[in-house]
Amino acid sequence: MYKRHSEGHICELILTEYLLHRGFYVFRPQAGFGPVDVIGISGTTGKVYLFDAKKEKLRKINKILRGDKVGVRGSKKAYGPYRIYRSLSKEQKILGVQIAYINMDTREVHIKPPIAKEDMEPIPD
C-alpha cells in the first residue's frame, strides 16, 4: 500500500472517531472510492452529512516588513502557517459534501463548512 493511501485511511478513521464521540451514526461506503469517504447521521436531529476526509497540509507564507508595506522578497520572516483549502469536485458540490481536514499528529478535525451545533451531542468528560 502506498503511503498516501495509508494516510488517507488513517484520516478516515480519525474522522470516524471524531463523529462517534459527538453522537453521530457513522457509515463508510463499501466501494472504497467515490466522492464521499464518510457518511454521518446526527443522533439528535437525524440530519445526514457527507464528508471527504483530507490530510491537513499547511503552507508557510514568508513575508518581510518594508516600512508600511508587506513584501514577499528579500530577507524572510515566517508569517504563518496557513491551512491549504481544497475545492470540491462538481459531483461533490451537487451532493453537498463537506471537507474534513485532519491533522494526523494532533488528531484535530476541521470541517468546512462546520457542522451545526444542534446536530452534535456534547462530549462527555
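These legends go with close-up views of a predicted model.

**Figure 1. Helix α1 and strand β3 are linked by E7 and K55.**
The side chains of E7 and K55 meet in a salt bridge. The N to O distance is 3.2 Å. E7 belongs to helix α1, which covers residues 3–20. K55 belongs to strand β3, residues 48–55. The two residues are 48 apart, so the pair links distant parts of the chain. The partners differ in burial class: E7 is buried, with a relative accessible area of 13%, whereas K55 is partly exposed, at 33%. The cut-off explains the labels: E7 is called buried because its value is under 20%. A search of the whole structure finds four salt bridges, and the E7 and K55 pair is a salt bridge.

**Figure 2. E17 and R107 form a salt bridge.**
Here the closest N and O atoms are 2.4 Å apart. E17 lies in helix α1. R107 lies in the loop between β9 (98–102) and β10 (109–112). The pair therefore ties together parts that are 90 residues apart in sequence. E17 is partly exposed, with a relative accessible area of 33%. R107 is also partly exposed, with 45%.

**Figure 3. D52 has a salt-bridge partner, K54, and a residue opposite, I99.**
The closest N and O atoms of D52 and K54 are 3.7 Å apart. D52 counts as buried, at 7% relative accessibility. K54 counts as partly exposed, at 27%. Now look across to strand β9. D52 stands opposite I99 in that strand. Strands β3 and β9 run parallel. Five bridges join them.

**Figure 4. Five strands make an open sheet.**
The strand order is β1-β2-β3-β9-β10. The pairing is mixed. Which strands stand at the edges? They are β1 (24–27) and β10. Each has a single partner strand, so one side of each is left without a neighbour in the sheet. From one strand to the next, the twist averages 30 degrees.

**Figure 5. The side chains of edge strand β1 alternate between two faces.**
F24 and V26 point to one face. Both are buried. Y25 and F27 point to the other face and are not buried. Next comes the partner strand. Four bridges join β1 to strand β2, residues 38–42. These two strands run antiparallel. V26 of β1 stands opposite G40 in β2.

**Figure 6. N103 is a buried residue in a loop.**
The loop runs between β9 and β10. R107 of Figure 2 lies in the loop between these strands too. Is N103 buried or exposed? N103 is buried, with a relative accessible area of 17%. Its value falls under the 20% cut-off, so the label is buried. The side chain of N103 makes a polar contact with the side chain of E56, at 3.1 Å. A polar atom of the N103 side chain also lies 3.1 Å from the backbone nitrogen of T106. Which residues does N103 contact, leaving aside its neighbours within four places in sequence? They are E56 and E108.

Conventions: Residues are numbered from 1 along each chain as its sequence is written. This is a predicted model: local features need pLDDT of at least 70, side-chain atom pairs count only at pLDDT 80 or more; totals for chains, interfaces and linings use all residues. Side-chain values use heavy atoms; hydrogens and water are left out. Buried means under 20% relative accessible area, exposed over 50%, partly exposed in between (1.4 Å probe, protein chains only). Two strands pair if DSSP finds at least two bridges between them. Axes are lines fitted to C-alpha atoms, for helices over the stretch in contact, and angles run from 0 to 180 degrees between N-to-C directions. A polar contact is a pair of N or O atoms within 3.5 Å; within protein, one must be able to donate a hydrogen and the other to accept it, and residues adjacent in sequence count only if both atoms are side-chain atoms. Contact means heavy atoms within 4.5 Å.
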